[in-house]
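Biologist: I am new to this structure and would like to go through it with you, one question at a time. Could you show it to me before we begin?

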Amino acid sequence: AYIPKDNKVYELDGLQTGPIIVGDYDTDTPTSWLAVARTAIQERMTGDAIKFNLMAVIQDKRIKMRENLDKADSNAAMQLEMEEAKRAQWKLENQRRRHNYVPLCVSMLKELARLGKLPQLV
């Protein structure tokens, strides 16, 4: 993450011991810190970093969609419904990723072995 604070732009990296100052910015221009962050990101991408991820923290899209519902936007209800369905799918996928399937697999292997069917499958 890159954040502006007291005329400096900091990089927050969970693998480092603390924040890293990547540059200074002009507080008179509120968005000038973005240029400093952009430069730092571009340097990181062209460096020797083999793996690099970049994510943006943005406002929840559903907030704007709900505001558009109040404005009688005909597409807003459909877009909101699609976004809610997408979020429900993400929730289900995350639950599946976090579940420990090892006991299930062990039980299935034991049962297959008990039935004598394991050698045929291996």
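The questions below concern a predicted model.

Biologist: Which helix gives the most residues to the largest nonpolar core?

Modeller: The largest nonpolar core has eight residues, among them Tyr2, Val9, Tyr25 and Trp33. Trp33 touches Tyr2, Ile3, Pro4, Val9 and Tyr25, once residues up to four places away in sequence are set aside. Five residues of this core come from one helix, the one that gives the most, and that is helix H1 (residues 33–46).

Biologist: How far apart are the end C-alpha atoms of H3, and what span should its 23 residues have?

Modeller: The helix in question, H3, covers residues 76–98. At 1.5 Å a residue, its 23 residues should span 33 Å, and the distance between the end C-alpha atoms agrees with this, because it is also 33 Å.

Biologist: Is Glu83 buried or exposed?

Modeller: Glu83 lies in helix H3, and, leaving aside its neighbours within four places in sequence, Glu83 is in contact with Lys61, Arg62 and Met65. Its relative accessibility is 6%, and buried means under 20%, so Glu83 counts as buried.

Biologist: Against which helix do the buried residues of H3 pack?

Modeller: The buried residues of H3 are Ala76, Leu80 and Glu83. They pack against helix H2 (61–70).

Biologist: What is the area of the nonpolar surface patch that includes Tyr101?

Modeller: Tyr101 is found in the loop between H3 and helix H4 (102–114), and at 38% relative accessibility Tyr101 counts as partly exposed. Together with Leu104 and Met108, Tyr101 makes a nonpolar surface patch of about 300 Å².

Methods:
Residues are numbered from 1 along each chain as its sequence is written. This is a predicted model: local features need pLDDT of at least 70, side-chain atom pairs count only at pLDDT 80 or more; totals for chains, interfaces and linings use all residues. Side-chain values use heavy atoms; hydrogens and water are left out. Helices (H or I, at least four residues) and strands (E, at least two) are DSSP runs, numbered from the N terminus. Buried means under 20% relative accessible area, exposed over 50%, partly exposed in between (1.4 Å probe, protein chains only). Contact means heavy atoms within 4.5 Å. Patches are made of residues with over 30% relative accessible area and no salt bridge: like charges are joined within 9 Å, nonpolar side chains (Val, Leu, Ile, Met, Phe, Trp, Tyr) within 5 Å. Accessible areas come from the Shrake-Rupley method with a 1.4 Å probe; for residues, only the protein chains shown count as cover. A salt bridge is a side-chain nitrogen of Lys or Arg within 4 Å of a carboxyl oxygen of Asp or Glu. A nonpolar core is a set of buried Ala, Val, Leu, Ile, Met, Phe, Trp, Tyr and Cys residues joined through side-chain atoms within 4.5 Å. The expected span of a helix is 1.5 Å times one less than its number of residues.
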